[in-house]
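Subject: A structure for you to explore

Hi there,

Here is the structure I promised you, with its sequence alongside. Have a look around it first, and then read on for what turned up.

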Amino acid sequence: MPAVEQSRHLATAIPGPKSSALIERKNSAVARGVGTTMPVYAARAAGGILEDIDGNRLIDLGSGIAVTTIGNAAPRVVDAVTAQVDLFTHTCFMVTPYEGYVAVAEHLNRLTPGSGDKRSALFNTGSEAVENAIKIARSYTRKQAVVSFDHAYHGRTNLTMALTAKSMPYKSGFGPFAPEIYRAPLSYPFRDAEFGKELAEDGELAAKRAITVIDKQIGPDNLAAVIIEPIQGEGGFIVPAPGFLPALLAWCRDNDVVFIADEVQTGFARTGAMFACEHEGIEPDLIVTAKGIADGLPLSAVTGRAEIMDAPHVSGLGGTYGGNPIACAAALATIETIETDGLVARAGAIERLMKDRLHRMQADDDRIGDVRGRGAMIAVELVKPGGTEPDAELTKALCAAAHAKGVIVLSCGTYGNVLRFLPPLAISDDLLNEALDILAEALAALR
């Protein structure tokens, strides 16, 4: 198949006639609860471009929600998957195991922060990996309670919905949820500034606030684990103030509480480090990964200290599809691509380009309340002019305007007012600049 041309091109209005026909088919065949962000149907994708079935070429600033980090249909991944399909598609690792699973675990043990002895277990989705991390922590500590944070997102299964903070659309009407789940305040510098500059900038002070809640409302003797996204994803790409994560980890270590880093969205070069924890120099007890691990194939993992990972009894972990051989082949090729092609450094270059432009836009427009994020995980928080009141309507309108012009963007945040950017690391600077030009024009037109 010919390569996808790396240029934006609108052959029709968005959506085009073929996509419009499929929208009707989807409405007749697919459950209403499965929503879609863009009114287009994909035909192929590569680099920084997704082409729809009407021939429109769209600039991809979403990467399938941080999944195709190295670029869609990356050559090494395509070759590895094709070779594995020729050999076998499935045996179940728990029945007749295979080397690919072991090799992925070895790479995860090598790459994740921490120099001690580590183990990994493979699963299918981020939610499944989070649930298993909680199982492992409870087995190790013989305690039950778990703390997550304000604005957190950890998945859509029953336990992970309990861990997730936002009601709509993730939790509303789906309870009751798993018990023994508690919530603590996060360090959210942009909004903490409303309560004083010191709280916004001092991560240790913000951690003290959270630890006080944990200590008084749950108690360390009952607490199996604290789970946190080093940079929150769906919650709004919130980067905690420096010192927040290390202070939490120190408290966990002092109180025999397992510290779980949910790196589902932040892992695998996305933030300008292989894992976001590295920015704070912390070594979590357990790290949960998925999304970017296999460039679009379903795979997830829990990696951590050997004595914790080995706590569950034999056959206490697993699943029919966990660590599928095709997904493992994709993961090995993805890791090779990141390391060989210098994609950690590329994420840093994307951050510099995007933040430079977005900060200049912010200086000229008081509706951009905050620009934040790391690497190729950048966000702008939109507010009503002259203050910090969230502006969800502006965010929705800006997304719609970008979509109509052929730029795939996503929104997020507890208040629905954060525009998030997750470009593939294979995108060119020219496409990034063009996408930002379109967003700037669209924002100006929404005055």
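Before the first stop, one definition: helices and strands are DSSP runs, numbered from the N terminus, where a helix (H or I) has at least four residues and a strand (E) at least two. Please also keep in mind that this is a predicted model.

**Aspartate 52**

Let's begin in strand β2, which covers residues 49-52 and holds aspartate 52. Which side chain of opposite charge is nearest to aspartate 52? That is lysine 18, but it is 8.6 Å away, and aspartate 52, although buried, has no salt bridge. A salt bridge needs a side-chain nitrogen of Lys or Arg within 4 Å of a carboxyl oxygen of Asp or Glu, so lysine 18 at 8.6 Å does not qualify.

The side chain of aspartate 52 does have backbone partners. One of its polar atoms lies 2.9 Å from the backbone nitrogen of aspartate 54, and the side chain also reaches the backbone nitrogen of asparagine 56, at 2.8 Å. If you leave out residues up to four places away in sequence, aspartate 52 touches Ile14, Ser19, Val40, Tyr41, Ala42 and Ala43.

**Salt bridges**

How many salt bridges are there in the model? The count comes to 24. Here are a few to find on your screen.

Glutamate 339 and arginine 110 meet through their side chains, with N to O at 3.0 Å. Glutamate 339 belongs to helix α12 (residues 325-340) and arginine 110 to helix α4 (residues 99-111), so this pair ties together parts that are 229 residues apart in sequence. Glutamate 339 is partly exposed, with a relative accessible area of 40%, and arginine 110 is partly exposed too, at 45%.

Another salt bridge joins arginine 119 to aspartate 310, where the closest N and O atoms are 3.6 Å apart. This pair also links distant parts of the chain: arginine 119 sits in strand β4 (residues 118-123), aspartate 310 sits in the loop between α11 (306-309) and α12, and 191 residues separate them. Arginine 119 is partly exposed at 33% relative accessibility, and aspartate 310 is partly exposed at 47%.

For a pair within a single helix, look at glutamate 351 and lysine 355, whose closest N and O atoms are 3.1 Å apart in a salt bridge. Both lie in helix α13 (residues 343-364), four residues apart, which is about one turn of the helix. Lysine 355 counts as buried, at 19% relative accessibility. There is also a network: Arg191, Glu194, Asp370, Arg372 and Glu381 are joined by salt bridges that share partners.

**Cysteines**

A disulfide is a covalent bond between the sulfur atoms of two cysteines. How many disulfides does this model have? The count is zero. Take cysteine 399: the closest cysteine sulfur belongs to cysteine 412 and is 9.3 Å away, which is too far for a bond. Cysteine 412 is therefore in no disulfide, since the nearest cysteine sulfur, that of cysteine 399, is 9.3 Å away and the cut-off is 2.5 Å. Cysteine 399 is buried at 7% relative accessibility, and cysteine 412 is buried at 2%.

**Valine 302**

Is valine 302 buried or exposed? It is buried, at 0% relative accessibility. You will find valine 302 in strand β10 (residues 300-305). Its contacts beyond four places in sequence include Arg119, Phe123, Ile136, Leu286 and Met309. Arg119 is the arginine from the salt bridge with aspartate 310.

**Backbone details**

Two cis peptide bonds are worth a look. One joins methionine 168 and proline 169, with omega about 5°, and another joins glycine 175 and proline 176, also with omega about 5°. Proline 169 is in the loop between α6 (158-163) and β6 (181-184), and proline 176 is in the loop between α6 and β6 as well.

Finally, look for positive phi values. Isoleucine 65, in helix α2 (residues 63-66), has a phi of about 60° although it is not a glycine. Isoleucine 65 is partly exposed, at 35% relative accessibility. Arginine 142 has a positive phi near 60°, and its place is the loop between α5 (126-141) and β5 (145-149). Arginine 142 is exposed, with a relative accessible area of 70%.

Enjoy exploring!

Best wishes

Key: Residues numbered from 1 in each chain as written. Predicted model: local features only at pLDDT ≥ 70, side-chain atom pairs only at ≥ 80, totals over all residues. Heavy atoms only, no water. Buried < 20%, exposed > 50% of the residue type's maximum accessible area, 1.4 Å probe, protein only. Lys, Arg positive; Asp, Glu negative; His and termini not counted. Polar contact = N/O pair within 3.5 Å; in protein donor to acceptor, adjacent residues only side chain to side chain. Contact = heavy atoms within 4.5 Å.
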